Amino acid sequence: MKGKQNFAIVNVNNNQLPIITEDTRTRYTWIPFGVYGQDDFFDAIIAAFNVSTTNAASVEGIADLIFGKGVYSKNETFNETLQKLIPQEDLKRVSFDLKLFGNAAFQVYWDDTHTKIKKMYHIPVQTLRAEKLYGNPKIENYYYCVDWHDNRKIKEKKKIPAFETSEEKLEILYIKNYCPGLYYYSLPDWISSLQLAISEGEIANLHYNNITNGFLPAVMINFNNGVPAPEERETIEDLIQAKFTGTDNAGRFMLSFNDDPTTKPTIDVINIENLHEKYDYVADYVQDRILVSHRVTSPLLFGIRTKNNGFSSQSEEMKTAFSIMQTMTIAPFQNLILNTLDYALTCSGYTDSELYFEQLTPLVILSQTAEETGKTVGQVEDETNKSMENPASTDDGQDAVVTDPKPEDQKFSMMEVNSKEYEIYNKK
């Protein structure tokens, strides 16, 4: 038919807005935790961490500051016991999980009489799912599975009682913050920038494909000698892709041999004005919003240099920014971990734990302070650590009390301690 045209239509499957759900109506005995699907929350968080450079740097940097140099006890006698009870490497992993996922967990090993904790190890929190309440006042069990997307692995899942709900030798200490609308799990503090982190990854992927495809501007090649059969169209598409896409083919010219000038192919370049400026704006906007969601007072703390730093000098910026960040961002994470550990150790009979985090302070801040005060870097570091020890305590100064109320009775700063089994550290 004369004048017939044929277009290839590309359907783009856009992501929907993230909707966090705890599926309490599921037929399963555990509670799936979803963001785009039924039980994909942890996968979505990991993906946003893996593809976004700003998000990854922020998570890793803040997690390092949360852990600092580890947890110690002012009670020198108990400190020796503490280092045997909780390996620092496991505590570091728990700190990372709490920052990345907003949830974290220890596996707790009791002695034969279930009166003393023998060991506390990290367990990947993404392997745990909470059991339905079934009318209970608190979560009593968790399910452990190495892969919640593998039906064969799910059949091998293990049901393990929560902390202080059984006499089992192995339990799980589950750490989470209060989160509006949720009960079984909590959210990371940067959840509002989940799509922005994915967008940053997509921007990188866009530039990568622009480079590897060779056709930097968008182009349309029109063949004006009729619409060939589907098999012939595929052959033509394959030939053009092989000859003119990819970095090895960039800069090549095209030859066309035609019997009639009226049937020669035409190439239309689809130009978008100021496209590079639009990409730059989006990239800067995405980076800024991700940093805001993490409450990063200065990107320089994590080796990130942006256009607007807001201070007259780098050293001044880092000193002021670190002080604010330590108080407003790091301390709440540390306090949650310390209160949880303090409660667990108290349940085990260790009443004089006196736990504190030894802080990690940037060297440039220590050096500048030492120069200003005439002290050594070591002296300044000791004084800084002492001033920011952040001992385990609640708002009223009493020992932390860990509660797990019903959903309708949740209180602010609720954290939950629960238990579960994990085979990797099946040690005596």
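These exercises walk through one predicted protein model.

Residues are numbered from 1 along each chain as its sequence is written, and side-chain values use heavy atoms, leaving out hydrogens and water. In this predicted model, local features need pLDDT of at least 70 and side-chain atom pairs count only at pLDDT 80 or more, while totals for chains, interfaces and linings use all residues.

**Exercise 1. Take stock of the chain.**

Task: State how many helices and strands the chain has, and what share of its residues is buried.

Solution.
- Step 1: The chain has 11 helices and 12 strands. These are DSSP runs, numbered from the N terminus: helices are H or I with at least four residues, strands are E with at least two.
- Step 2: Of the 428 residues, 43% are buried. Buried means under 20% relative accessible area, exposed over 50%, and partly exposed in between (1.4 Å probe, protein chains only).

**Exercise 2. Describe strand 4 and its partners.**

Task: Find how covered strand 4 is, and which strands it pairs with.

Solution.
- Step 1: Strand 4 spans residues 103-110, and 8 of its 8 residues are buried.
- Step 2: Split the side chains by direction. N103, A105, Q107 and Y109 point one way, and A104, F106, V108 and W110 the other way.
- Step 3: Look for neighbours. Two strands pair if DSSP finds at least two bridges between them. Strand 4 runs antiparallel to strand 9 (residues 170-176), with 7 bridges. V108 stands opposite E171 there.
- Step 4: Strand 4 also runs antiparallel to strand 5 (residues 117-122), with 5 bridges. Here F106 has H122 as its bridge partner.
- Step 5: Check the turn. The hairpin of strands 4 and 5 has 6 residues between the strands, and H114 takes a positive phi near 60 degrees.

**Exercise 3. Locate the largest nonpolar core.**

Task: Name the residues with the most contacts inside the largest nonpolar core, and the element that gives the largest share.

Solution.
- Step 1: Fix the term. A nonpolar core is a set of buried Ala, Val, Leu, Ile, Met, Phe, Trp, Tyr and Cys residues joined through side-chain atoms within 4.5 Å.
- Step 2: The largest core has 44 residues, and L91, F106 and L341 have the most contacts inside it.
- Step 3: Helix 9 gives the largest share of this core, 13 residues.
- Step 4: Zoom in on L91. Not counting residues up to four places away in sequence, L91 touches F67, V71, I86, F106, I337, L341 and F357. A contact means heavy atoms within 4.5 Å.

**Exercise 4. Work through three salt bridges.**

Task: For R93 and E89, K99 and D189, and K169 and D112, give the N to O distance and the places they join.

Solution.
- Step 1: A salt bridge is a side-chain nitrogen of Lys or Arg within 4 Å of a carboxyl oxygen of Asp or Glu. The structure holds 8.
- Step 2: R93 and E89 meet at 3.7 Å. Both lie in helix 4, 4 residues apart, so about one helical turn separates them.
- Step 3: K99 and D189 come to 2.8 Å. K99 is in helix 4 and D189 in the loop between strand 9 and helix 6, so the pair ties together parts 90 residues apart in sequence. K99 is buried, at 0% relative accessibility. D189 is partly exposed, at 25%.
- Step 4: K169 and D112 meet at 2.7 Å. K169 lies in the loop between strand 8 and strand 9, and D112 in the loop between strand 4 and strand 5, so this pair ties together parts 57 residues apart in sequence.
- Step 5: K99 and D189 are also linked with R295 in a network of salt bridges.
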